[in-house]
Amino acid sequence: MSDFVGRQDSVQEKLAAYITRKMEIVCSISDFYRSPIEEYHENFSLIEKLRAETDKEEIGIIKEILGEGNRQGVFNVQDIDMTALNMLNILKGLEHYYIGGKKGRNLKKAMENMVSLFLNGLIKR
């Protein structure tokens, strides 16, 4: 994931790439299973244990993007650690929606909206 994000030029593009790629992966996994929501809930504690390392990596990616944005004067994030954790948790909440197999979802539009929400809250004014 960090290689994919690192290929982007601006911090805005990096954040957009991270969010979009993460949710594409979630959707592809949810499409693989016939009843993903049931399997997810049945194996929740195991999934959370396995995700601990992934969560650390993703928080690191988000922190790196936020720090770079602060250094460039693009973002004005006061608490990078807390912001990274909150962003990850928001995205994890979205995972539940997509894992639930919601029909008619428009991933591209949803991710563009999420990126806009995050960036408009981060960009200096």
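In this predicted model, Glu68 touches Val11 and Lys14 once neighbours within four places in sequence are set aside. Glu68 is part of helix H4. The relative accessible area of Glu68 is 16%. That value lies under the 20% limit, so Glu68 counts as buried.

The next residue discussed, Gly69, also belongs to helix H4. Its relative accessible area is 0%, and Gly69 is therefore classed as buried. Beyond the neighbours within four places in sequence, Gly69 is in contact with Val11, Val74 and Phe75. Val11 thus recurs in the contacts of Glu68 and of Gly69. Lys14 was listed among the contacts of Glu68. For Gly69 and Lys14, the C-alpha atoms are separated by 10.0 Å. These two residues are 55 positions apart along the chain.

Helix H4 also takes part in salt bridges. The whole structure contains 5 salt bridges. One of them joins the side chains of Lys22 and Glu58, with an N to O distance of 2.9 Å. Lys22 lies in helix H2 (residues 11-32) and Glu58 in helix H4, so this pair ties together parts that are 36 residues apart in sequence. Both partners have little accessible area by the values computed: Lys22 is buried at 4% relative accessibility, and Glu58 is buried at 7%. The pair also registers as a polar contact between side chains, at 2.9 Å.

A second bridge from helix H4 runs to helix H5. Here the side chains of Lys92 and Asp55 meet, with N and O 2.8 Å apart. Lys92 is in helix H5 (residues 80-99) and Asp55 is in helix H4. The link spans distant parts of the chain, 37 residues apart. Lys92 counts as buried, at 15% relative accessibility. Asp55 is likewise buried, with a relative accessible area of 12%.

The salt bridge between Glu53 and Lys56 has another setting. Its closest N and O atoms are 3.7 Å apart. That distance is within the 4 Å cut-off, so the pair qualifies as a salt bridge. Glu53 and Lys56 are 3 residues apart in helix H4, which puts about one helical turn between them. Glu53 is exposed, with a relative accessible area of 56%. Lys56 is exposed as well, at 57%. Both values are over 50%, which is why the two residues are classed as exposed.

The nonpolar interior was examined next. The largest nonpolar core has 22 residues. Tyr18, Ile19 and Ile65 have the most contacts inside this core. Helices H2, H4, H5 and H6 (107-122) each give two or more residues to the core. Helices H2 and H4 are also the elements tied by the Lys22 and Glu58 bridge. Helices H4 and H5 are those linked by Asp55 and Lys92.

At the level of the whole chain, the model has 6 helices and 0 strands. Read along the sequence, the pattern is α-α-α-α-α-α. The chain has 125 residues, and 34% of them count as buried. Among contacts with a separation of 6 or more, 70% are between residues 24 or more positions apart. The accessible surface of the chain comes to about 7800 Å². Carbon and sulfur atoms account for 52% of that surface.

Confidence varies along the chain. The mean pLDDT is 79. A pLDDT of 70 or more is reached by 74% of the residues. Among the elements, helix H4 (residues 44-72) has the highest mean pLDDT, at 88. Helix H3 (residues 36-42) has the lowest, at 62. Where pLDDT is low, the predicted coordinates should not be read in detail. The residues described above in helix H4 include Glu68 and Gly69. Helix H4 also holds Glu58, Asp55, and the pair Glu53 and Lys56.

Notes: Residues numbered from 1 in each chain as written. Predicted model: local features only at pLDDT ≥ 70, side-chain atom pairs only at ≥ 80, totals over all residues. Heavy atoms only, no water. pLDDT = per-residue confidence, 0-100. Helix = DSSP H or I, 4+ residues; strand = E, 2+ residues; numbered from the N terminus. Buried < 20%, exposed > 50% of the residue type's maximum accessible area, 1.4 Å probe, protein only. Polar contact = N/O pair within 3.5 Å; in protein donor to acceptor, adjacent residues only side chain to side chain. Contact = heavy atoms within 4.5 Å. Core = buried A, V, L, I, M, F, W, Y, C linked by side-chain atoms within 4.5 Å. Areas by Shrake-Rupley, 256 points an atom, 1.4 Å probe, with all protein chains shown as cover.
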